[in-house]
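Trainee: I would like to request a close look at a single part of this model, with its setting in the rest of the chain. Please treat the surface first and the backbone afterwards.

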Amino acid sequence: MEAASGGAGVRRNSVAFWLLGLCNNFAYVVMLSAAKDILEKDSKHIEKPCRPEVITRECQLMSTGSVLLADIIPALLIKISAPMFIHRIPFGIRHSIVVSLQAASFLIVGISDSTWLALFGVVLASFGSGLGEISYLALTSNYPSSTVSFWSSGTGGAGLIGSTFYALLTDSKLLDISPKHTMFIMLIVPILFSFSFWSVLQIPRSVHRAQFRQPSTWIISEETREEVEEEAGLLENQEEDDVERRIEESRIQKAIPLLRFMIPLISVYLAEYYINQGLLELLEFDCSHGFGMSSESQYRWFQVTYQLGVFISRSSSNYVSIPTKHLTTLASLQVFNAIFFTLTAIYSILPHIFLAFFVILFEGLLGGASYVNTFRAVHREIPIESREFSMGFVSISDTVGIVFAGFLAMPVHNQICSMPL
């Protein structure tokens, strides 16, 4: 079920999938980078300068883990339920829904004056990114496997560009634009998102196209799916295909062999988002050991450093490929990072912020490598007739891990805050 692989077409589709990955994850990343600002919507917060000496903990009542949950639980709900019905909805309609949700999220977070309304905007961003990830990963099954790498690189680019863009715009020592107006500036992303799908991506004949003026095309029937595939030359032996469909395993049976890919990825994301949204906000360095940055700025640049590591590893899978058997090693290393940062948050064992940046970069490298190599392994090892379902189903792994991390991060955050420094 792969699209034609002519040179110009492959390059164009590679660019398209990179842009789709970039735009799909952009709102998700921005919301996490803005977590502290979102939680301070009610308090008319003014950013404080760095402290000459850090002798007490300054903790917020609500952990940034709450923003993480608002940014991920809706995506989890979409990813769990969607594999059972999403194949009936054309990719074009899915894309339109994703873009609309993303634009609405930026608008609502921007205009909101309360934390709860802002969190509703975060929820919309989560629904959009979750639907987008399961859709575009499934769409890669119609293209050469290299598109998975470009999609993964684009999502890594979203992390780096989104977090850096937000930090540059809002940092009081740089452009010093308010978080409110920064959200409005982000509305350029949904425009680029639409352009990438409708104008850059070359959609193969094997993909059903919905026609705006023909409502009957808005839902894909099984008969329509077969006709499209037959026209594209995908059903070479109709009788054989009929037999195969009659004896095809249930979707639950298809999912069971995927656990060997999913469990390591869940572990990696649980550990790293427990670090990012439960512990990093508790790390604060004084003026002389934190480059003179405020605690808010330190948090934003921690996020940028993490996303830099993710981008590097997600973009390098064409050059450095990790065998499936070593995916568990990445998970083990990330769990070790989580233990290290827990001890760091409690005992302040890192003497300078530079060392924190270094370890956070390593954390991002592990997370990005686990993500891209997992999906490349699924694309490579799963039979083509099950590939679209498998890519979509495995995509819930990172989301499940992040949800667990959010629920773990909040009580740990509160416990550490209650401890003396």
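Mentor: The account below starts from a patch on the surface and then turns to annotated segments and loops. The model is a predicted one.

Val 335, Ile 339, Leu 343, Tyr 347 and Ile 349 together form a nonpolar patch on the surface, and their joint accessible area is about 490 Å². One of these residues, Leu 343, belongs to helix H14, which spans residues 327-347. Leu 343 has a relative accessibility of 40%, and it counts as partly exposed because that value falls between the limits of 20% and 50%.

The unreviewed UniProt entry carries the annotation "transmembrane region" for several segments, including 327-346. Among the other segments under that annotation are 15-35 and 392-412. In the model, residues 15-35 are 95% helix and 0% strand, with 30 Å between the C-alpha atoms at the two ends. For residues 392-412 the content is 95% helix and 0% strand, and the end C-alpha atoms lie 32 Å apart.

The backbone of two loops also deserves attention. Most residues other than glycine have a negative phi. Asp 176, in contrast, has a positive phi, near 55°; this residue sits in the loop that links helix H6 (146-170) and helix H7 (179-185). Phe 291, also not a glycine, has a positive phi of about 55°. The loop holding Phe 291 runs between helix H12 (259-279) and helix H13 (295-314).

Definitions and conventions:
Residues numbered from 1 in each chain as written. Predicted model: local features only at pLDDT ≥ 70, side-chain atom pairs only at ≥ 80, totals over all residues. Heavy atoms only, no water. UniProt positions renumbered as here; feature names shortened; annotations may be inferred. Helix = DSSP H or I, 4+ residues; strand = E, 2+ residues; numbered from the N terminus. Patch = residues over 30% accessible without salt bridge, like charges linked within 9 Å, V, L, I, M, F, W, Y side chains within 5 Å. Areas by Shrake-Rupley, 256 points an atom, 1.4 Å probe, with all protein chains shown as cover. Salt bridge = Lys/Arg side-chain N within 4 Å of Asp/Glu carboxyl O. Buried < 20%, exposed > 50% of the residue type's maximum accessible area, 1.4 Å probe, protein only.
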